[in-house]
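Hi,

Here is the structure I said I'd pass along. Have a look at it first, and my notes on the backbone and one of the strands follow underneath.

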Amino acid sequence: MKRYVYINDDESSHELFCDNRISNRKYTVLNFLPKNLWEQFSRFMNQYFLLIACLQLWSLITPVNPASTWGPLIFIFAVSASKEAWDDYNRHLSDKKANEKLVWVVRQGIRKHIQAQDIHVGNIVWLRENDEVPCDLVLIGTSDPQGLCYVETSALDGEIDLKTRVIPAACMGIDFELLHKIKGVIECPNPDKDIRRFDANLRLFPPFIDNDVCPLTIKNTILQSCYLRNTEWACGVAVHTGNETKLGMSRGIPEPKLTAMDAMIDKLTGAIFVFQIVVVMVLGIAGNVWKDTEARKVSLDLVKSLYAKFIDWDSEMIDYETGIPSHATNTAISEDLGQVEYIMTDKTGTLTENRMIFRRCCISGVFYGNEGGDALKDTKLLNAVAGSSPDVVQFLTVMAICNTVIPIKSKTGAILYKAQSQDEDALVNAAAQLHMVYVNKNANILEIRCNGSVIKYEVLETLEFTSDRKRMLVVVKDCQNGKIVLLSKGADEAILPYAYAGQQTRTFIEAVEQYAQLGLRTLCLAWRELKEDEYQEWSLMFKEASSTLVDREWRIAEVCQRLEHDFEVLGVTAIEDRLQDGVPETIETLRKAGINFWMLTGDKQNTAIQIALSCNFISPEPKGQLLLIDGKTEDEVCRSLERVLLTMRITSSEPKDVAFVVDGWALEIALKHYRKAFTELAILSRTAICCRVTPSQKAQLVELLKSCDYRTLAIGDGGNDVRMIHKLISVLALVEEKGCRLQEQLIIVLESSAFLSQYSFYKSLVICFIQIFFSFISGVSGTSLFNSVSLMAYNVFYTSVPVLVSVLDKDLSEGTVMQHPQILFYCQAGRLLNPSTFAGWFGRSLFHAIVVFVITIHAYAYEKSEMEELSMVALSGCIWLQAFVVALETNSFTILQHLAIWGNLVAFYVINWIISAIPASGMYTIMFRLCRQPSYWITMFLIVAAGMGPVLALKYFRYTYRPSKINTLQQAERMGGPILSLGNIEPQPRSMEKEVSPLSITQPKSRSPVYEPLLSDSPNSSRRSLGSGTPFDFFQSQSRLSSSYSRNCKDN
Amino acid sequence: MADMNRERHRTRETAFYLFTQQSLPACKPVLTPGWVITIFLFMGLIFIPVGLITLRASHSVVEIVDRYDTECVPEAFRIDKISYIQDDSIPKNCSRFMKVHKYMKAPIYIYYQLDNYYQNHRRYVKSRSDKQLLHGQKYHDTSSCQPVELNSGQPIVPCGLIAWSLFNDSFTFIRERAELKVNRKNIAWKSDRDHKFGKNVHPFNFQNGTLIGGGKLNPKIPLSDQEDLIVWMRTSALPSFRKLYGRIEEDLDADDVIVVNLMNNYNTYSFGGKKKLVLSTSSWLGGKNDFLGHACVIIGSSSLILAIVFTLLHLKYRRPHGDTSYLPWNRKSLSG
């Protein structure tokens, strides 16, 4: 369970722990072939082809040369194997580079330059600025006198802001010369992949410090693959090395992911297999009846009379091409993109800019910033600051120091703040503008400058903000008067309930409500003076808790809870997080396209609803309806869940936008106890807002939808979304601004992949049917009409090149799609091989096979019926037909399409002329002979006319008289006229300030809390006003319906 | 110069950009009634004349067909034809009369036609060795020739079922007591003679085994000159086929009666195959074959009919093309 790392002990750890050689390789030279083959053959399709190929080795039952199957099989395998090998080689190269990088390590008390791979657990590693961290280290010293250093962790969690790391208290102040000789032991857990936790203890051996145990957290570590920034040097003890580091444990090469199309192909292969068996049985019996003189294994003969096996070999190859490289990291998923049904999005940083601006505040019941929309310019507040009103000063003090921000003095004297959270940054900056400047942090001593005087505080304990606790805690000691003060900052429901008994929290609740309506992020600030003995007592408990190895986080939280009571609530801050450009339009578009949208956020319910409203996430009344699921107990949640579900079922037929809102607490209960009901709700609901959710809940939700077989796309940027995204098939980090672009890609990918599979199905079936028909006139013996070379070329060359280009085909221009996003929804319905399109293509291939076969055998009867000639005539017929089929299915012809379709036809002749010029080939002179015959050309035109005429007529008829939605738009688009759509997306007013705020601000005191009757007993009951005199306390407002949203609409 | 280069470079870059953005200039044909009706009209106007020309060519060909497999078996053996054909002691010669009903211009092609003869059966088709035909005994691997592969341990030249079953009826033609000259040279493809059948390969042990199949070959003549064999080895893809026997290089007049003296050696009786003798002239299109002509006319006229139907439909149910108000979501918002 634990490992003991002895610092600077060169020998002992070598056997116990691995060295620092990292290896991302999937294969070695020896196991490459078997492992890769095993992986490839774990797909049903490949197994099937192998079976076929093996059957072909038995020459008795094989009508064609085994090479016609083995060739493509080996080719395909070689392509994917070499791709894997190349990837692996590149991984090996980068590993090697990382392994051989030189680093400074202390050995026998001397600093040495060694290769990174030779680092052992217990070594002290020295890093300089901008160095990459070679393994997981526990910091023991930095160039910074306060023991701080900055790391960039983007390789680890994708967050690009710098994080501060600090040396453990025990190492504080050790002279840097002595660091070489430091000895001690670190008791740390076994390697795991949690990059947010490191619960360990450090004990230094004399003479450095007494035998005290010093707790270590993730703050004291720097992990592999991070970069040291803004710090001259840092040194640390290697605790995890090689592939045992946090990064190494969470690494692992993802197994190849099966996309929807792959799965479909596998299913199709299965269907073909069954189809083959049936045909084999039927024809086998027929063959035996026909030739009863010889008992033969006719049934097996016929296994090979079918060539449906070639289906999708080409599409398999195309996989590499379809990856539209603009934003997908995994090319294979691009086709899944077209089929996304659910999009789960994070709010902050994804929908919004993540640029926080302090806008308003409410201090001791006085609202600031309501008039101008900017508290920093509010003269009332400025006056209060100038007049040193104690409330305001306290408030600003908390704003300035209750955080983990680090001020850095730049050379020009200006103070820059290094903050991990944008909210804190906004608060500290705002405080600074209000003359409460956080100047310096020196070890544990904070300096703030207030109206010219410098106040110093000693930080005693800090407990950072966690999304579970939803508040942060700082205990400081005022250096002037020695008073110990507890400062806290957090969500309203995490602060307000702990206010001291006599305090009126009413105004704060109202402030929070009001700000939330404006879509602002609110934080409550509170403080409490601690008595010396109370602090001492608690401090001991805190120390103990923070050095436990098991459940440390929970224990600390529990201990902190003991201090958190009798708060004096100082006020509420409101921070604006502006929406990103184009977000409302994008969401509107995607929603019209029939994609379900869920917003998962850690924000307050009202804030979330406001944001949702302003970005078109939910429609305002009367079009939209909002249902709320809440409750504190199982029963309550259950009841409200059922009610929502009932309403949902009833309204699902109405053209109404129904969305449900669930908060983290209710979600927890719902997921735990009422999973089934919640799942049903999830399926019914097109829109959902989940507020106050934790990262793990986000992941659970994604999992839930995935388990219902929905294709889900998760969008997020922050570290808290990593878990959610990891749960997905499709790992995508998308910038929302790219939304519009994504949209077009969706429809293109969607259509082309559908056509691709239909087409490969079609062209294989044509050949297959011709072979079956031919077997009827060849004594059901299973003779192949086509020779092996032609068959192989037909499948891997003649018919795949045009399709490759069809990938680039566009049904509609982007403009049209953007105007009629609903079309996407209809596309989703008609995609892939659903039974009717399947039947259509099946019928078409049957018809074409009949056309080719009948015309060929009649036009080339009697003296012209020579085998090679006839086979070439039939093959050319197929090639001509497929060229026209592709041409008919292509919607827009660019030069590429023309090249591919007609160039391919020309190439067919050129290739066959070349083959016909080789005396050794079976087809010697055949093509020249045919091309000289007028009857050949007449036959070709006859085949094309007979094959395409009815198809064209049918298509035209449907196109004109039974047009699909796409057709109508295509027509409209190409007529060039104005495309009218009543569902036009108008630019939505986005600024919350302009539209929404006047409504709620004008009457903040007298507004009557009108509750939306959504959850009233009868779903159809009309709205019911509870009047303004209704008891209105915090919890009730929480457990009742949230209605700010409907209220707005009513006011509108 | 540099400017031009840069210009070209830029153009290429732009083209590539357009490609990656999938916005190359494109032509987007739309199935408008006008276009479709024109296409069908056009098809009709092309295919009907082509069909008529083709039919005319086919009709210009004069063809005489005479089935002789039953008639050439003496009455006494009609019940058991197989014993007749397998009995070497019975003479197989037979005379047939063919009446020329129309003037036939030289060259007149002589074909023998076999019906219900599955030369395309898989095991039959495979039973040959192209390499042996070209290289003779130098090529040893004749495993593909099964079941007619070896004779007393030595590969048969030529080996395989196809060669073994060589057609061996022979015909002579007499018109007014004078024998018509039949040219039996150059009946096989020149490419086969030059490149597929060896000039030094002699069929020294052909048809020497216990099971005698069809025709025998003169061991002195190399395979490249055994034209009957070369013709026979070009297997047919259909169960009814004609193979060239020779050419009569004199014109035949209407009402000429031609006496055919034939040796009815070939056994098609055991599987119910039919044998026919065909005399035919040829046109630019080949032999007599009405199919292409008929098919063209049918396709052409149905295209015309379709064009007319579509025109009428278009006139009657004139539907605004590309009217987006028909889209369901627009319809909904119209009504709601």
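To start with a small puzzle: is N186(B) buried, partly exposed or exposed? Keep in mind while you look that this is a predicted model. N186(B) comes out as partly exposed, because its relative accessible area is 44%, and the cut-offs for that class are 20% and 50%. I picked on N186(B) since its phi is positive, about 60°, although the residue is not a glycine. You'll find N186(B) in the loop between β8 (182-183) and α7 (190-196) of chain B.

Chain A has a residue of this kind too. T925(A) is not a glycine either, and its phi is near 70°, a positive value. Look for T925(A) in the loop that runs between α32 (895-916) and α33 (926-932) of chain A. T925(A) has a relative accessible area of 12% and is therefore buried, the cut-off being under 20%.

While you're checking backbone angles, there are cis peptide bonds in chain B to look at. One joins A106(B) and P107(B), with omega at about -5°. P107(B) sits in the loop between β2 (93-99) and β3 (108-115) of chain B. Another cis bond leads from V157(B) to P158(B), and there omega is near -10°. For P158(B), the place to go is the loop between β5 (154-155) and α6 (161-164) of chain B.

Now for the strand I mentioned, β23 of chain A, residues 484-490. Of its 7 residues, 7 are buried, so the rest of the structure largely encloses the strand. That holds for both faces of β23(A): one side carries I484(A), L486(A), S488(A) and G490(A), the other V485(A), L487(A) and K489(A), and all of them are buried. Note that K489(A) is on that list.

What does β23(A) pair with? Strand β22 (residues 471-478) of chain A runs antiparallel to β23(A), and 7 bridges join the two. Within that pairing, L486(A) of β23(A) has V475(A) opposite it. β22(A) and β23(A) form a hairpin with 5 residues between the strands, where G482(A) has a positive phi near 70°.

β23(A) is also joined by 7 bridges to β24 (residues 521-530) of chain A, again in an antiparallel arrangement. In that pairing, V485(A) has E529(A) in β24(A) as its bridge partner.

Over to you!

Methods
Residues numbered from 1 in each chain as written. Chains lettered and ligands numbered in written order. Predicted model: local features only at pLDDT ≥ 70, side-chain atom pairs only at ≥ 80, totals over all residues. Heavy atoms only, no water. Buried < 20%, exposed > 50% of the residue type's maximum accessible area, 1.4 Å probe, protein only. Helix = DSSP H or I, 4+ residues; strand = E, 2+ residues; numbered from the N terminus. Pairing = 2+ DSSP bridges.
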